[in-house]
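Q: I would like to learn how to read a structural model one feature at a time. Could you take me through this one, giving the general idea before the particular case?

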Amino acid sequence: MEFTASARRLTGTRDADGMAVASFVLGLLGLLVLNIFLGPIAIVLASLALWRGTERRGRALLGLGLGVADLVVLAVLASADNTVSWTFGG
């Protein structure tokens, strides 16, 4: 079985769409937990999805924005109590 150029392009677009969705989900999850890890991963996945020409451009941009927001939340919370970890208790 031989793959044609259009089949390869379709697979590449589908992979980019998956990366866009994954960046959105990881960025959203990163606002709650593990933002130091999930934020940069969301940024990288969104950037790759945009670079590969995803059809879900809005989802990739949201993932990029949420990844940056994860790092901003981490920076604000770290400066508030001078530590990288944060808790809800006193």
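**Reading the helices**

A: Let us start with burial along one helix of this predicted model: in α2, the residues Asn35, Leu38, Gly39, Ala42, Leu45, Ala46 and Ala49 are buried. They cover an arc of only 140 degrees around the axis, which puts them on the same side of α2.

Q: Which residues are exposed on the other side of α2?

A: The general idea is that an α-helix has 3.6 residues a turn, so residues three or four places apart point the same way. In this case the exposed residues on the other side of α2 are Phe37 and Trp51.

Q: How many helices and strands does the chain have, and in what order do the elements run?

A: The chain comes to 3 helices and 0 strands, and from the N terminus on its elements run α-α-α. Of its 90 residues, 24% count as buried. Among the contacts with a separation of 6 or more, 67% are made by residues 24 or more positions apart in the chain.

Q: What span should helix α2 have, given its 17 residues?

A: The expected span follows from a rise of 1.5 Å a residue, so the 17 residues of α2, which are residues 35–51, should span 24 Å, and the end C-alpha atoms are indeed 24 Å apart. Helix α3, with 25 residues (57–81), reaches 37 Å from its first C-alpha to its last, close to the 36 Å expected at that rise. The buried residues of α3 are Ala60, Gly63, Leu66, Gly67, Asp70 and Leu74.

Q: Taking one buried residue as an example, what does Ala42 touch?

A: Ala42 lies in helix α2 and is buried, with a relative accessible area of 0%. Leaving aside residues up to four places away in sequence, Ala42 touches Ser23, Leu26, Gly27, Gly63 and Gly67; of these, Gly63 and Gly67 are also listed among the buried residues of α3. Ala42 and Ala22 are 20 residues apart in sequence, and their C-alpha atoms are 7.4 Å apart in space.

Q: Where should I look for positive phi values, and is Leu34 buried or exposed?

A: The places to inspect here adjoin the helices. Leu34 is found in the loop between α1 (5–30) and α2, and its phi is near 50 degrees, a positive value in a residue other than glycine. Leu34 counts as exposed because its relative accessibility is 53%, the cut-off for that class being over 50%. After α2 comes Gly53, with a positive phi near 80 degrees, while Asn82, just after α3, takes a positive phi of about 55 degrees.

Q: How should I set the record's annotation beside the model, and which residues does "transmembrane region" cover?

A: A careful reading keeps the annotation and the coordinates apart and then compares them. The unreviewed UniProt entry gives "transmembrane region" for residues 20–48 and 60–80. In the model, residues 20–48 are 86% helix and 0% strand, with their end C-alpha atoms 8 Å apart, whereas residues 60–80 are 100% helix and 0% strand, with end C-alpha atoms 30 Å apart.

Q: What do the aromatic rings do, and how many aromatic pairs are found?

A: A pair of aromatic rings is described by the distance of the centres and the angle of the planes. A search of the whole structure finds 0 aromatic pairs. A ring can still face a charge, however, and the charged end of Arg59 sits over the ring of Phe24, 5.7 Å from its centre.

Key. Residues are numbered from 1 along each chain as its sequence is written. This is a predicted model: local features need pLDDT of at least 70, side-chain atom pairs count only at pLDDT 80 or more; totals for chains, interfaces and linings use all residues. Side-chain values use heavy atoms; hydrogens and water are left out. UniProt positions are given in the numbering used here, feature names are shortened, and annotations may be inferred rather than shown by experiment. Helices (H or I, at least four residues) and strands (E, at least two) are DSSP runs, numbered from the N terminus. Rings of Phe, Tyr and Trp (its six-membered ring) pair if their centres lie within 6.5 Å; planes under 30 degrees apart count as stacked, over 60 as edge-to-face and the rest as tilted. A charge sits over a ring if NZ of Lys or CZ of Arg is within 6 Å of the ring centre and within 35 degrees of the ring normal. The expected span of a helix is 1.5 Å times one less than its number of residues. Buried means under 20% relative accessible area, exposed over 50%, partly exposed in between (1.4 Å probe, protein chains only). The arc is that of the directions from the helix axis to the C-beta atoms. Contact means heavy atoms within 4.5 Å.
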